[in-house]
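Hi,

Here is the structure I promised to pass on to you. Have a look at it first, then read my notes below with the model open beside you.

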Amino acid sequence: VLACRALKQWYQRRVRVMSPRGKGRDRTISAVAEEEILSNLKEHLKGITDTTPLHKQESVAKELNNYHKLYTKWRSGMSDELIWDKIRPLPETMLQGYSSLPKVDCDDSEGIAKLLNKLVVLKLNGGLGTGMGLGTVGPKSLIRVRDGATFLDITISQIENLNEKYDVSVPIVLMNSLNTDDETKNALKKYKVDTGSNVEVLTYLQSYYPRIERETLLPYVKDYENVESNEGWYPPGHGDLYESLYNSGLLDKLIEQGKEIIFISNIDNLGATVDLNILSHIVRGGCQSEFIAEVTNKTRADVKGGTLIEYNGCVKLLEYAQVPSDKVDEFKCVKKFKIFNTNNLWINLKSIRDRVISNTLDRDVIVNHKTLDDGRNVIQLETAVGAAIKNFRGAFAINVPRSRFLPVKHTSDLLLVMSNLYRIHEGMINMAPERMFPTTPLIKLGAEFKRIQHFLKRFQSIPDMLELDHLTVTGDVYFGRGVSLRGTVIIIANHGERIDIPAGSLLENKIVSGNLRILDH
């Protein structure tokens, strides 16, 4: 009887963990068990803080305090899935077309300088090149993407040219993770002011939170250990930007320097450059918004991209991970959800500080399930930077041209930006004027091209793609020098076969298969 009673009590305390698409906690858990979980969490976090080296205790305590808030929100059920019927497309009052913005007078150098001196550019630099097969080796921002230049080089070149052209001082802030911090700082040494660069590059670390064991719902780690090499810790998504920027001291420093607006974007989005029309609209156009998000029209390639919606009268970010499984097809429908979030954000710096200090930055919790190398199942609680839009006064979106969204997530994207489809000038990457169509080709590369080192070996030179509409390549395929691709080109090497596209070949609306058998498409 005692054994059965103990088993029953254990079961009441245990939570049946949600499925990967689940959003909230199990409703069957008792309030007593919930209190016990939160009490145990506090003890665990105290143990971590107490074993932290003294010089790190203050910063770690702040991070764990934010972690506790996130965990409590998740356990309270406040992050449950949306009521789907309440979702509405953004009304015209919350969505403005880019073409309607007043154009900045390019000859007004003095006026532009006043605008730029109020600006800070922040790049999200916590990611690794896993999408291009680099695993956990090095920051993605240090991948060479064009003419030997890395994402970081291109970013700094953009701001160097702005600063020189208008005699201003726009700083760059990099939000690094522990995975990218050391190598990024080493790469930045060549840009120090004493070596001739006119850009101040500031860095800070985003937070690291303890992963949660799925069985116990308690942190994977019991005390403070070497975070860099311990898989019990994780970066909680870029939604941590606000608190970690404030805790770093940089937010106050920038405000003291007279900076007012921060432009945030992913460092691998080569289209996310400083736009003077948007900046002018915010600073001197009478715009009362504290937060502006850039969106662009969806295509078939973007069906899983997060979108902005109206929900209970406010602008809200809806991520794919938050969509109920029976609504996924509806979410992917371009007719209903016509726009998606580029993650290019313009936010008032003082408003960020006010929200952090007043603890009024509410963001939806994204529950991410992982299996570690040792087979242990864990949960990560994450947030998205754009999800904070609902907390800011007068927030709205601007529907920008597609050219402002040029991410490089996979080698298929890399092929595009390395090709003659684009030109680079003063750090700005623009589509070549010779391209007759404003859209980019659809590129699909097989598994043999996923790893960047394998991808580069398969091209003696990048093909001419100015007139390309669609390229699909699968199997063991190599390209010679001076190849031209036009229209729709499909190249398929069967298992055990190899196809070498001869140097100087012109493939226009062709299907290539087998032992270089070429058919009209």
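Tyr 209 and Tyr 234 are both buried, where buried means under 20% relative accessible area, exposed over 50% and partly exposed in between, with a 1.4 Å probe and protein chains only. Their ring centres lie 6.3 Å apart and the planes stand at 85°, so this pair is edge-to-face. The pair connects distant parts of the chain: Tyr 209 belongs to strand 7 (residues 209-210) and Tyr 234 to strand 9 (residues 233-234), 25 residues apart. For the terms: rings of Phe, Tyr and Trp (its six-membered ring) pair if their centres lie within 6.5 Å, and planes under 30 degrees apart count as stacked, over 60 as edge-to-face and the rest as tilted. Helices (H or I, at least four residues) and strands (E, at least two) are DSSP runs, numbered from the N terminus.

Before you go on, keep in mind that this is a predicted model, in which local features need pLDDT of at least 70 and side-chain atom pairs count only at pLDDT 80 or more, while totals for chains, interfaces and linings use all residues. Residues are numbered from 1 along each chain as its sequence is written, and side-chain values use heavy atoms, with hydrogens and water left out.

More on the rings. Tyr 209 and Tyr 234 also belong to one aromatic cluster together with Tyr 67, Tyr 71 and Trp 74. Searching the whole structure gives 15 aromatic pairs. Another of these is Phe 449 with Phe 459: the centres are 5.9 Å apart and the planes at 55°, so that pair is tilted. Both of these Phe residues are buried. Arg 458 lies over the face of Phe 449, 5.4 Å from the ring centre. In the same spirit, the charged end of Lys 298 sits over the ring of Phe 331, at 4.4 Å from its centre. The rule here is that NZ of Lys or CZ of Arg must be within 6 Å of the ring centre and within 35 degrees of the ring normal.

Now the overall picture. The protein has 13 helices and 26 strands, and buried residues make up 51% of its 521 residues. Among contacts (heavy atoms within 4.5 Å) between residues at least 6 apart in sequence, 70% join residues at least 24 apart.

Which strand is worth finding first? I'd try strand 2 (residues 119-125): seven of its seven residues are buried, so it is largely enclosed by the rest of the structure. Leu 119, Val 121, Lys 123 and Asn 125 point one way, Val 120, Leu 122 and Leu 124 the other. Strand 2 runs parallel to strand 10 (residues 261-266), joined by six bridges, and Leu 124 stands opposite Asn 266 there. Strand 2 also pairs with strand 5 in the parallel sense, over five bridges, with Leu 122 opposite Val 173. Two strands count as paired if DSSP finds at least two bridges between them.

Strand 22 (residues 476-479) makes a nice contrast. Val 477 and Phe 479 point to one face and are buried, while Asp 476 and Tyr 478 point to the other and are not. Four bridges join strand 22 to strand 24 (residues 498-501) in parallel, and Asp 476 has Arg 498 as its bridge partner.

There is an open sheet too: three antiparallel strands in the order 8-16-15. Strand 8 (212-213) and strand 15 (366-371) are at the edges with a single partner strand each, so one side of each is left without a neighbour in the sheet. Six bridges join strand 15 to strand 16 (residues 377-382), and one pairing to look for is Asn 368 with Gln 380. Helix 3 (residues 54-76) lies across strands 8, 15 and 16, at about 105° to strand 16; axes are lines fitted to C-alpha atoms, for helices over the stretch in contact, and angles run from 0 to 180 degrees between N-to-C directions.

Last, some backbone oddities. Most residues other than glycine have a negative phi. Asp 167 is not a glycine, yet has a positive phi of about 55°. Where does Asp 167 sit? Asp 167 is in the loop between helix 5 (151-166) and strand 5 (172-176), and at 68% relative accessibility it counts as exposed. Asn 359, also not a glycine, has a positive phi of about 55°.

Cheers
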